[in-house]
Amino acid sequence: MKILNIVLCLMFVLFAGLQYNDPDPYVWVPIYLYSAVLCWLASRNRFYPKWYIAGILVYLAYAIYKFFDQNGVEDWFTKHNAENLAETMKATKPWIEETREFFGLFICIGALGINYFYAKKKRA
């Protein structure tokens, strides 16, 4: 778990750093850094289940919004035939940016969920 959390922490810091040219870095830098900090703490054997749940709930609510938003995941899937998201790093179409953000939220949710269940198991 220590190695996994160090890798996740570094990944989230990298993700946060890549937001410098995003139209809304003030949203995404804190999202990724929150996950990075919690993964770093978990790598130091410090677990905060309430913080994981709070993050998961906020990220899940935002992911639902991103799913149904105009140019969101539903739009990408139904109107744009699940067009390749990784063809180019520049998001030339709005549904590509929204869909990538949706999947970024689910990576955060996954990391926080893993730590939540590990912390619960460790306490039992």
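**Figure 1. Asn-45 in the loop between helix 2 and helix 3 of the predicted model.** Asn-45 has a relative accessibility of 47% and is therefore classed as partly exposed, since that class lies between the buried limit of under 20% and the exposed limit of over 50%. The loop that holds Asn-45 joins helix 2 (25–43) to helix 3 (49–68). The backbone of Asn-45 has a phi near 65°, a positive value in a residue other than glycine. Most residues other than glycine have a negative phi.

**Figure 2. Residues 26–43, annotated in UniProt as a transmembrane region.** The unreviewed UniProt entry places this feature at residues 26–43, 50–68 and 102–119. In the predicted model, residues 26–43 are 100% helix and 0% strand. The C-alpha atoms at the two ends of residues 26–43 are separated by 26 Å.

**Figure 3. Residues 102–119, also listed under "transmembrane region" in the unreviewed UniProt entry.** Helix accounts for 100% of residues 102–119 and strand for 0%. A distance of 26 Å separates the end C-alpha atoms of this span.

**Figure 4. The chain as a whole, with five helices and zero strands.** Along the sequence, the elements follow the pattern α-α-α-α-α. Of the 124 residues in the chain, 39% count as buried. Among contacts with a separation of 6 or more, 64% are between residues 24 or more positions apart. The exposed surface of the chain is about 7,700 Å², and carbon and sulfur atoms supply 67% of that area.

Key
Residues numbered from 1 in each chain as written. Predicted model: local features only at pLDDT ≥ 70, side-chain atom pairs only at ≥ 80, totals over all residues. Heavy atoms only, no water. UniProt positions renumbered as here; feature names shortened; annotations may be inferred. Helix = DSSP H or I, 4+ residues; strand = E, 2+ residues; numbered from the N terminus. Buried < 20%, exposed > 50% of the residue type's maximum accessible area, 1.4 Å probe, protein only. Contact = heavy atoms within 4.5 Å. Areas by Shrake-Rupley, 256 points an atom, 1.4 Å probe, with all protein chains shown as cover.
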